[in-house]
Amino acid sequence: MFDAAGVDYPTADWTYDDLLAAAKTLTLDKDNDGKVDQYGIWSDTWDMELLWSEAIWAYGGEIISDDHAKTLIGEGGARDAWTFIDSLYKEGVMPTPTTSGEFGFDLFQSGMAAMTTIGHWAVPGYVQAGINFDVAPMPKGPAGQATSVNSAGFVISKDSKHADAAFEFIKFALSEAGQKRLAELGFAIPVLKSVAESDAYLKQPGDLNQQVFLDSVAFAHTKPVFKGYEEWAGVVGDGLIPVFDGEAELNATLDEVIAAADEVLAANK
Amino acid sequence: MDYGLKPLGRERHWLWLMLTPTVIGLLFGTIGSLLATLGLSLFNWDLINAPKWAGAENYVQLFENKDYIEAFTNTLKFSALYVPGVVIISLLLAVLLNRKIRGVGFFRTVYFLPTVTSAVATALVWNMIYGKETGILNFALESLGFTPICWLCTDNAMMSVVIVNVWGAIGEGMIIFLAGLTAIPRDYYEAASLDGASDFQQFFRVTLPLVTPSIFFQTLISAINAFQAYDYIYMLTRRGQGDSSVPVAVYSIYRNAFHFFRMGDASAQAIQLAILVAVFMAVMFWWERRYVTYE
């Protein structure tokens, strides 16, 4: 799609404005029926880790206060990040949430979008779907580059009857052999440096620039985890859908959503 | 020999044996779960840790939690649109299909089909019909020169969901009304037409009063269904994080119980809904005594 539209491939120096500019060129109405057949970019904005948390950090904002009592997604740079995301929808280069639902959500996988911002877990699916793609780091914002990282962990319940057996399994999963097996499954990035820098990870099917994921750790923020996350994420993520569907104004809705999100935080103290 | 309906002394244990499946179902399924819900509503329980006594706290929450108040209001709005919609449309449909027209069996079957089809499957089809870009409804609108509508966006979601739910329910209502209509003796219409009553007058003066038992029954059933509406709403309005653009009471109960693991809050909401249904039924039965005509 990039070659067909004559757009240069994304580089590590891209800014969010470059992303928007490229997305504009890549958005096409091929049969001139007034409807977009190819979007410049597709991403989900109901969950923070696909696009909006990265954008907020890159624009110099924060998600939540350290004591998890205050939602900060409306302050300072964060608002600029939202304005940017809203512009992706307003410019028509990214399908609205309702439209993307109509096409089964992942428009990148279905070949209807030229770019996406998504986590490493999507890689095996895309490779299997036979998409010709590669990866680039998240773009830079006014406050630098940022991406989101979180761990796919194993947990032992404190009341487990088989805690010892579970512990043995976790020891295996974290060993070099276990991490190699997990790397081969392809969903996550190995936590052991020795495995991450070995062929088991770097030479996965798809022939992608897997090194990008390792280098991105340098500017990665951890996805916030706190009590009441599920409900908070619903209030924020789903609460902004009317804005992105073009039914509500960004700033007023953001204020409402933040107030409601803070109430959730207070109730989950 | 005694052919009466009372069981003989020796047969009495058979009576109870035969009734056991129903009684067990009622005890454990209906009454049991109602009592369990009532009990749970007094505790805070997350399914993992031991339940903690909450007293009336979960009931106070019913009047303070904005999300629940919104869901409850949505249920009332939904019912106010849905119940008259189902009753009026299925009555009119039954009147139309109560005539001697060609292929009446075919039409009756077609209108009844949604009742016997899985709501999840038909909701998927409705999703396609309502699609903003690819839906046939918008295709039709555009062909006629109208601007396409985002049927499932937040502003229109309530209306779209009511349409689907009404569509899904008129088949059942039609059967109830057809049964009521066929019970009306033909001579009443003959007498009315001899007296010079028009079709219109016949409908309002003969048909309508005589189907009041069916109207009563259908209103009651529709209202109960309206308060419990969930399947189409879940399928059509669910958002990425599990919220809905038209959250109704049952949606809120489900979400509190199985997303947020607040069994106490969910149970209190369920009890409130049950009380609402009970009060509505009481009003309906009072109304029945005053207005319903039984021959």
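## Bends in the helices of chain B

The bend at a residue is the angle between two axes, one fitted to the seven residues ending there and the other to the seven starting there. By that yardstick, α7(B) bends by about 35° at B:Ile170. Keep in mind that this is a predicted model. Helix α7 of chain B covers residues 154-182, so 29 residues in total, and it runs 43 Å from its first C-alpha to its last, close to the 42 Å expected at 1.5 Å a residue.

Helix α1 of chain B (residues 12-40) has a kink too, of about 50°, at B:Thr20. The proline B:Pro21 comes shortly after that kink. There's hardly any cover on α1(B): of its 29 residues, the count of buried ones is one.

## Chain B as a whole

Chain B has 295 residues, and 29% of them count as buried. Its secondary structure comes to 13 helices and two strands. Along the principal axes, the C-alpha trace spans about 75 × 75 × 35 Å.

What share of the contacts in chain B with a separation of 6 or more comes from residues 24 or more positions apart? The figure is 70%.

## Where the chains meet

On the chain B side, 16 residues are in contact with 17 residues of chain A. The chain B residues that touch chain A split into four nonpolar, seven polar and five charged.

## Two helix pairs

Two packed helices are described by the angle between their axes and the distance between the axes. In chain A, take helix α7 (residues 163-174) and helix α8 (residues 176-185): their axes come within 4 Å and cross at roughly 70°. An angle of 65 to 115 degrees counts as roughly perpendicular, so α7(A) is roughly perpendicular to α8(A). A:Phe172, A:Ala173 and A:Leu174 make the contact from α7(A), while A:Gly178, A:Gln179 and A:Leu182 do it from α8(A). By class, the contact of these two helices has four nonpolar, two polar and no charged residues.

Over in chain B, the axes of helix α3 (residues 66-96) and helix α12 (residues 249-258) come within 7 Å and cross at roughly 145°. From α3(B), the residues involved are B:Asp67, B:Tyr68, B:Ala71, B:Phe72 and B:Thr75, and they meet B:Ala249, B:Tyr251 and B:Ser252 in α12(B). That contact has five nonpolar residues, two polar and one charged.

## Positive phi away from glycine

Most residues other than glycine have a negative phi. Which way does phi go at A:His68? A:His68 has a positive phi of about 55°, although it is not a glycine. You'll find A:His68 in the loop between α3 (52-58) and α4 (77-90) of chain A. A:His68 has 17 other C-beta atoms within 10 Å, so it counts as partly exposed.

B:Phe261 also has a positive phi, near 55°, and is a residue other than glycine. B:Phe261 sits in the loop between α12 and α13 (263-291) of chain B. Is B:Phe261 buried or exposed? Neither label quite fits: a residue needs 20 or more C-beta neighbours to be buried and 12 or fewer to be exposed, so B:Phe261, with 15 inside 10 Å, counts as partly exposed.

## Three more residues to click on

A:Gln38 belongs to the loop between α2 (16-26) and β1 (39-42) of chain A. Because it has 17 C-beta neighbours inside 10 Å, A:Gln38 counts as partly exposed. Leaving aside neighbours within four places in sequence, A:Gln38 is in contact with A:Met1, A:Leu26, A:Thr27, A:Leu28, A:Lys30, A:Met112 and A:Ala114. A:Gln38 and A:Leu185 are 147 residues apart along the chain, and their C-alpha atoms are separated by 31 Å.

A:Ala143 is in the loop between β3 (140-141) and β4 (144-145) of chain A. Its C-alpha atom and that of A:Trp57 are separated by 7.5 Å, with their positions 86 residues apart along the chain. Not counting residues up to four places away in sequence, A:Ala143 touches A:Ala58, A:Tyr59, A:Gly60 and A:Gly77. A:Ala143 is partly exposed, since it has 16 other C-beta atoms within 10 Å.

Back in chain B, B:Leu141 lies in helix α6 (residues 136-143). With neighbours within four places in sequence left aside, B:Leu141 is in contact with B:Phe146, B:Pro148 and B:Ile149. B:Leu141 has 15 other C-beta atoms within 10 Å, which means partly exposed.

Definitions and conventions. Residues numbered from 1 in each chain as written. Chains lettered and ligands numbered in written order. Predicted model: local features only at pLDDT ≥ 70, side-chain atom pairs only at ≥ 80, totals over all residues. Contact = placed C-beta atoms within 7 Å. Nonpolar A, V, L, I, M, F, W, Y, C, P; charged D, E, K, R; others polar. Axes fitted to C-alpha atoms, helices over the stretch in contact; angles between N-to-C directions. Parallel < 35°, antiparallel > 145°, perpendicular 65-115°, else oblique.
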